Amino acid sequence: MSRRGRPVAIAGIGYSGVFRGPSPSVESLTTDACLAAIADAGLSARDVDGIFEYQIGHESPKCHYIQRVLRTGDLAAYADIMGTGASGLAAALAAVDAVASGACETALAFRGMEQQAGNTGSAVGDAAIQAGGTPMHDELVAPFGMFGIIPAMAMRMARRKFEYGGRPEDYGHIALNARRWAALNPRAVQRQALTMEEYLGAKMLCDPLRLLDCDYPVSGACAVIITTAERARDLPHRVVGVAGHAQATGDGDWIFGEDFLYGGAPRCAERLWARSGMGPADIELAQLYDGFTYMTLTWLEALGFCKFGEAGAWLDEGRMIGPGGRLPLNTTGGQLAEGRLHGLSFLAEAVLQLRGAAQARQAGDPRSAVVAVSSGPQCGGMILLRE
Amino acid sequence: MTASRPRIVPNLANRFFWEGAERGALMVLRCEVCGFRAHPSPDRCPRCAARALAPERLSGRGTVYSFTIVRRAFHPGFADDLPYVLALVSLPEQAGLRMVSRVINTAPEAVCIGLEVEAVFVPADGFGLALFQPVQAEAPQ
């Protein structure tokens, strides 16, 4: 069986402004993105009967706040998803399930961000580390001097080199690619070209992980509208359907997991291909999470675009994924260059590209796309197909 | 003055780990029913779900599974240590059993995956930290 429940489509997408410095409140940014997505779908807030959002922990508005501000009326389905999950895409994955199952008809999914220190500054506070199991095991590893996700990512890069080989330039091509596309995206915060020399010369944070392997913290929000494919056919845009969607966790551990390099990604990919009845050869566009360049590179391998350990060579010095390449990748510049909107922007951009509405950065006329978000024990993805 | 570091705050499940290191012993929980060892410390055995878990003293030997040289202070309390080596250390008592620690008493550039290491214990917050040094390293000054 390739599809579960009613066929579902992404009918609307919306962004707030994206800010590097002082910005409106996260409530205001999130409201802007939600209103933009509803308008883009050709609907009104009264049509929304489901809301799903993702956050790490009480840093952005919840469903009830947006319901009240937008005056959506009663919600038939909603959830505040927190802590673990495929970043912002987790909200859209839940919305797809809710619409497919008939729990609601038209769902809004959003992710709001307020100038997070992001991956480049995520450190726990100076106070005592609380006992009781954070995803990164802070209580157990902080006394040794391990904070946040950067050292864990650096250790993955070192281990991947040990098991498969590869060069720092392999990660560099992901960073350079982001800037190439960002130059075509007025919303991106890092639009200047990047050379390999600059990438290799970037500040080393944790060998072999450089500053330019990390995404760029911004304030901003992204939202999507998800409804039945049947209803979407009466709305203004070309219909972009969800041909398959999936999540996976592996064994659920960021640091001590058995598959330290890939976590849940291979299992997520397996589910995506089985449910969509498609394979890597059918995909014309990829939007793959780039919180760290490592994540993008390993998603390419887990999804089967190339063999494990071979993404570096497969990139063909970046030609494969850039403008005019065979598999255009992260066409907004991703989180490395557009800014860290945390997962949902990959879905929004895929929809825009499949509609043929991505303006200067439009990557040909793709009909199919894969979106894959987060990494390790928090993997999620979608296969999209334009009707 | 050096900024203070995050303190060790033991919970019921991991107190033995920090207390063991204070006594110079590397400890993990082992299931009394099926013999499976687990780190971080779970409430139940991850293999058979038994609640009967008891601390077991390990040899203190290990191999570097992966590592990174930390060059930026992610916490002000560690700024004076830079650069330092964080490592995932494979423990030989059970396949896949690993812990996070530091590799000390060697130049960071001399650390590599597969390096054989042994535990060396330092006091911290009234408890202890099990760090590692290369086997056959010079005794610390």
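This report describes chain B, a nonpolar core and the contact between chains A and B.

The model is predicted, and in it local features need pLDDT of at least 70, side-chain atom pairs count only at pLDDT 80 or more, and totals for chains, interfaces and linings use all residues. Residues are numbered from 1 along each chain as its sequence is written, while chains are lettered from A and ligands numbered from 1 in the order in which they are written.

Chain B holds 1 helix and 8 strands, where helices (H or I, at least four residues) and strands (E, at least two) are DSSP runs numbered from the N terminus. Read from the N terminus, the order of these elements is α-β-β-β-β-β-β-β-β. The C-alpha trace of chain B spans about 45 × 35 × 25 Å along its principal axes, and 35% of its 141 residues are buried, a residue being buried if 20 or more other C-beta atoms, placed from the backbone, lie within 10 Å of its own.

Chains A and B meet through residues in contact, that is, with C-beta atoms, placed from the backbone, within 7 Å. The side of chain A that touches chain B can be set out by class, with Ala, Val, Leu, Ile, Met, Phe, Trp, Tyr, Cys and Pro as nonpolar, Asp, Glu, Lys and Arg as charged, and the others, Gly among them, as polar.

| Item | Value |
|---|---|
| Chain A in contact with chain B | 32 residues |
| Chain B in contact with chain A | 34 residues |
| Nonpolar, side of chain A | 22 residues |
| Polar, side of chain A | 5 residues |
| Charged, side of chain A | 5 residues |

Helix 5 of chain A gives the largest share of that side, 6 residues.

Definitions and conventions
A residue is buried if 20 or more other C-beta atoms lie within 10 Å of its own, exposed if 12 or fewer, and partly exposed in between; C-beta atoms are placed from the backbone. Two residues are in contact if their C-beta atoms, placed from the backbone, lie within 7 Å.
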